[in-house]
Amino acid sequence: MVHEDYMRRCLELAELGISNVSPNPMVGCVIVSEDKIIGEGFHKKIGTAHAEVNAVNDVFERYGTAAPEMLRSATVYVSLEPCAHFGKTPPCADLLIRHQVKEVIICNADPFPAVNGKGIEKLKAAGIRILSGILEQEGRALNKRFFTRVEQQRPYIILKWAQTANGYFTPLINKKQWISNPLSKKLVHKWRAEEDAILVGKKTVMTDNPELNTREWPGSNPIRIVVDKHLDIPESSHVYNDQVKTIFLNEVKTDVEGTNHFVQMEDMTYYLPQKIAFQLYLMDIQSVIIEGGANILNQFIAAGLWDEARVIKSSTNWQEGITAPQINGFLEEIIPLNTDTLFIHRNRG
């Protein structure tokens, strides 16, 4: 239980990097000596120091000249296997070996090919005791985006929509009409801040003229992905502003115009979800939240190409409308949101 308590703290720290480290994983590190935490750290931003470096630096900041001796008797808890290769930063396994730590407790092995057991092997070869698999499932859940990208060569895909109590998704006529309440809207903006990208189809843009940003929640705006086969969306639409990078998937051209990136794809009529998923993987986009419209959502559902669906059901009823998508996963959680209810589904695959 002591190992689990310290590892749980690692996961708490790791989650603090959720909006800033992609496509790297979220990692937390806790250093313990004589049953006392002497240093903590997490990976704060891609390209900057890793969790282990920040935790070791924390020990030195707290204890100064006493730090080297304390580290030699320390147990290091880390939520992901220490890296063993030179990337944007030096190998963390080498750092721990240099400080001659006594033991390293690991939550998850790192499936990334440049690591994938090499960090553990290096630590063992240096005589450091290793224990792995502590809170392994919790660690995988936290880094579900990273593990999906590395193991399945595609981004983690979240489907999201709101529907009325009697199952309608949008009005029959092309006009903007809110379904969910203000609390749900704020939650959606929080979700956007947690993902690399947000994807919508042409009809959603033409009808709603959405900004697709996080204006009701602090955090970075996701990359906007717009599916517009023939580039029919007028340039006066919000998606063409320079607020954030926007990628237009189309069959017309490949070009870059300011923050707008046009990516030409072949034959978007067939296997579109698979083609989009692979294209986003090539762009190092680790996660995407798909917010509509019904056609795009239904294509991903039919392809079985999704990981999580977040469905907000309001308490209002419409007399008519376009029917909401039907999800075929298993219901994991039901959360009340004032007058709305959130249903979270997972893909059985």
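**Exercise 1.** In this predicted model, find which residue of E4 stands opposite Leu80, and then establish in what sense strand E3 and strand E4 pair.

*Solution.* Begin with Leu80, whose counterpart in E4 is Asn108. Next, place the two residues in their strands: E3 covers residues 75-80 and E4 covers residues 103-108. Finally, follow the pairing between these two strands, which is parallel and extends over 5 bridges.

**Exercise 2.** Work out the strand order of the open sheet that holds E3 and E4, name its edge strands, and state which helix lies across E1, E2 and E3.

*Solution.* Reading across the sheet, the 5 strands follow the order E2-E1-E3-E4-E5, and their pairing is mixed. The edges are formed by strand E2 (36-42) and strand E5 (129-132), each of which pairs on one side only. From one strand to the next, the twist averages 15°. Turning to the helix, H2 (residues 51-63) lies across strand E1 (28-33), E2 and E3, and runs at about 135° to E2.

**Exercise 3.** Describe the largest pocket by its volume, its central residues, the elements that contribute to its lining and the character of that lining.

*Solution.* The space in the largest pocket amounts to about 1100 Å³. Its lining consists of 49 residues, of which Thr204, Asp208, Glu291, Gly292 and Gly293 are the closest to the centre. Among the elements that each supply at least two lining residues are helix H9 (202-208), strand E13 (287-292) and helix H11 (294-303). Sorted by character, the lining comprises 18 nonpolar, 17 polar and 14 charged residues.

Notes
Residues numbered from 1 in each chain as written. Predicted model: local features only at pLDDT ≥ 70, side-chain atom pairs only at ≥ 80, totals over all residues. Heavy atoms only, no water. Pairing = 2+ DSSP bridges. Helix = DSSP H or I, 4+ residues; strand = E, 2+ residues; numbered from the N terminus. Axes fitted to C-alpha atoms, helices over the stretch in contact; angles between N-to-C directions. Contact = heavy atoms within 4.5 Å. 1 Å grid on protein atoms, 1.4 Å probe; cavity = no way out; pocket = protein on both sides within 12 Å on 5 of 7 lines; lining within 4 Å. Points joined across faces, edges and corners; volume = space filled by probe spheres on them. Nonpolar A, V, L, I, M, F, W, Y, C, P; charged D, E, K, R; others polar.
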